[in-house]
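Below is a colleague's note for someone opening this entry without earlier acquaintance with it. The points are numbered so that each can be checked in turn against the coordinates.

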Amino acid sequence: MLNLKKLLDGSASSLSFSVNVTDCSFVDEAKSGTACAEAVITNHSGLILLEGKINASITVPCARCDKEFNYTATIPLTAKITESLANEDEDEYIILQDYSFDEEDLVRTTLILELPSRYLCNEDCKGLCPKCGCDLNVKECSCNQKESDPRWDVLKDFFSE
Ligand SMILES: [Zn+2]
Ligand SMILES: [Zn+2]
């Protein structure tokens, strides 16, 4: 938990913190991984803003070929914090309890929300053959040889007219 009392009583104008997440397996798809977050919280005459970033490095399977690889990302970490809600939309704010909030929970929630739900080892990953299951990045099987190339279909149409 992070205590913001100094920020609220005016004895500090900003507070910084860092969080290290040593096991990211709670993130969808992630087998393992780590993340480190750094942020600064400032009090703008009552409006408390948190701004920072998370560097994440996780091991995930490719959605096409299933090979595990390392995915890294830098994710913005931002939040609005308040002591108590008046009429504001509750979802937008972190509400302090005893001047404190759970900064680790904020980092974990941000990772879950902001990391993609599927990953590709490479934009051009050819994936696995749907028939024989071989990794088409590594070798070419003969399953799809008889399927026509769409470029030839255009020519066939042209000649049949
Ligand atoms: Zn792949
Ligand atoms: Zn095949």
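1. A good place to begin is the hairpin formed by β4 and β5, which has 6 residues between its strands and in whose turn Asp66 has a positive phi of about 70 degrees. The two strands pair in the antiparallel sense over 14 bridges, and one of the facing positions along them is Leu49, which stands opposite Lys80 in β5. Please keep in mind throughout that this is a predicted model.

2. The preceding strand joins β4 in a similar manner: β3 and β4 form a hairpin with 2 residues between them, and Ser45 in that turn has a positive phi of about 35 degrees. Here the pairing is again in the antiparallel sense, over 13 bridges, with Glu38 standing opposite Lys53 in β4.

3. For the wider setting, the chain contains 3 helices and 7 strands, which run from the N terminus in the order β-α-β-β-β-β-β-β-α-α. Of its 161 residues, 17% count as buried, and among contacts between residues at least 6 apart in sequence, 53% join residues at least 24 apart.

4. Which elements give two or more residues to the largest nonpolar core? That core has 21 residues, and those with the most contacts inside it are Cys24, Ala35, Ile54, Ala56, Val107 and Leu111. The elements in question are β3 (32-44), β4 (47-61), β5 (68-82) and α2, with β4 giving the most, namely 6 residues.

5. Ala56 deserves a separate look, since its contacts can be listed individually. Once its neighbours within four places in sequence are left aside, Ala56 is in contact with Cys24, Gly33, Ala35, Thr72, Ala73, Ile75, Leu111 and Leu115.

6. Turning to helix α2 (residues 103-114), one may ask how its length compares with expectation. At 1.5 Å a residue its 12 residues should span 16 Å, and because its end C-alpha atoms are 16 Å apart, the model agrees with that figure.

7. Within α2, the buried residues are Glu103, Leu106, Val107, Thr110 and Leu111. Seen down the helix axis, these buried residues fall within an arc of 130 degrees, and therefore they line one face of α2. An α-helix has 3.6 residues a turn, so residues three or four places apart point the same way. On the other side of α2, by contrast, Asp105, Thr109 and Leu113 are exposed.

Key:
Residues numbered from 1 in each chain as written. Chains lettered and ligands numbered in written order. Predicted model: local features only at pLDDT ≥ 70, side-chain atom pairs only at ≥ 80, totals over all residues. Helix = DSSP H or I, 4+ residues; strand = E, 2+ residues; numbered from the N terminus. Expected span 1.5 Å × (residues − 1). Buried ≥ 20, exposed ≤ 12 C-beta atoms within 10 Å, placed from the backbone. Arc of directions from axis to C-beta. Core = buried A, V, L, I, M, F, W, Y, C linked by C-beta atoms within 7 Å. Contact = placed C-beta atoms within 7 Å. Pairing = 2+ DSSP bridges.
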